[in-house]
Amino acid sequence: MAKRSLIDAAKAPSIAYNKKNWDAVKAAVVPGFVYDEVSTQRKVRGINDFLATWRGWAAALPDSKATFHKALVSGNTVILEVTWRGTHTGPLGTPGGAIAPTGNKIEIRACQVIEIAAGKAKAMRHYFDMRTLLQQLGVTS
C-alpha cells in the first residue's frame, strides 16, 4: 500500500470514534483486531470487545475526539501522534473501579502504533499518560 493509504487506514478507527460511528469503527478494522491499551493494561481481541472498550470511553467522555499531529510509516506499521480532548460527564471505568463524572476537561497526548493488513487496522497499541488523565480529572495529585 502507498504511504498515504496506510496512514488513512491507521487513522480510520479514531476518525470513526470521533463521530461515535461504531459501524465505521467496525469497518475500519479486521475481524480479529487486537487492541492493547498499554496505560490501562487492557488488551482485547476481536471487534466486540474493542467496541465495548471504546464505547466505555465515549460514555465517560461523550465529546472526546482525537486530533492527529504526525504520522510515521515503517513497512505496514503506522505511528500516530494524537491529542485526545473531552469532558468527563459520565462514569469512567478503570481497573480500580468507576470514576464518577467530574465535569473536568481533559487534554492528553498519546501515541498509537497501528499494524495494517488488507487496508484495515489489524492491531493497535495505544499509549497515553494515565497519571496525567487522572490529575486532569482531579482524582489524584
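Here are some notes on the salt bridges, one buried asparagine, the cavity and two unusual backbone angles in this predicted model.

1. Salt bridges overall. The count comes to four. Side chains of opposite charge can pair when their charged atoms come close. Three of the pairs are taken up in the points below.

2. The pair inside a helix. Arg-4 and Asp-8 make a salt bridge, with 3.1 Å between the closest N and O atoms. Both residues belong to helix H1, which covers residues 3-18, and they sit four residues apart, about one turn of the helix. Asp-8 has 41% relative accessibility, so it counts as partly exposed.

3. The pair between E4 and E5. Arg-85 meets Glu-107 in a salt bridge, at 3.3 Å from N to O. Arg-85 is in strand E4 (residues 77-87) and Glu-107 is in strand E5 (residues 105-117), so this salt bridge ties together parts that are 22 residues apart in sequence. Arg-85 is partly exposed at 34% relative accessibility, and Glu-107 is partly exposed too, with a relative accessible area of 44%.

4. The pair between E5 and E6. Here Arg-125 bridges to Glu-115, and the closest N and O atoms are 3.0 Å apart. Arg-125 comes from strand E6 (residues 120-128) and Glu-115 from strand E5, so the pair links distant parts of the chain, ten residues apart. As for accessibility, Arg-125 is at 26% and Glu-115 at 27%, and each counts as partly exposed.

5. Asn-18, worth a look. This residue is in helix H1. Its relative accessible area is 15%, and because the cut-off for buried is under 20%, Asn-18 counts as buried. A polar atom of the Asn-18 side chain lies 2.6 Å from the backbone nitrogen of Ala-66. Leaving aside neighbours within four places in sequence, the contacts of Asn-18 are Ser-64, Lys-65, Ala-66 and Trp-84.

6. The cavity. How many cavities of 30 Å³ or more does the structure hold? There is one. The largest cavity encloses about 190 Å³ of space. It is lined by 13 residues, and those closest to its centre are Trp-57, Leu-61, Trp-84, His-126 and Phe-128. Trp-84 is also one of the contacts of Asn-18 from the previous point.

7. What the cavity lining is made of. Strand E1 (29-37), helix H3 (47-60), E5 and E6 each give two or more residues to the lining of the largest cavity. By residue type, the lining divides into ten nonpolar, two polar and one charged. E5 and E6 may ring a bell: Arg-125 in E6 and Glu-115 in E5 are the pair from point four.

8. Positive phi at Lys-20. Most residues other than glycine have a negative phi, and most peptide bonds are trans. Lys-20 is not a glycine, yet has a positive phi of about 55 degrees. You'll find Lys-20 in the loop between H1 and helix H2 (22-27). With a relative accessible area of 22%, Lys-20 is partly exposed.

9. Positive phi at Gln-41. Is Gln-41 buried or exposed? Gln-41 is exposed, with a relative accessible area of 75%. Gln-41 is not a glycine either, but has a positive phi of about 65 degrees. The residue is in the loop between E1 and strand E2 (42-45).

Terms used: Residues numbered from 1 in each chain as written. Predicted model: local features only at pLDDT ≥ 70, side-chain atom pairs only at ≥ 80, totals over all residues. Heavy atoms only, no water. Salt bridge = Lys/Arg side-chain N within 4 Å of Asp/Glu carboxyl O. Buried < 20%, exposed > 50% of the residue type's maximum accessible area, 1.4 Å probe, protein only. Polar contact = N/O pair within 3.5 Å; in protein donor to acceptor, adjacent residues only side chain to side chain. Contact = heavy atoms within 4.5 Å. 1 Å grid on protein atoms, 1.4 Å probe; cavity = no way out; pocket = protein on both sides within 12 Å on 5 of 7 lines; lining within 4 Å. Points joined across faces, edges and corners; volume = space filled by probe spheres on them. Nonpolar A, V, L, I, M, F, W, Y, C, P; charged D, E, K, R; others polar.
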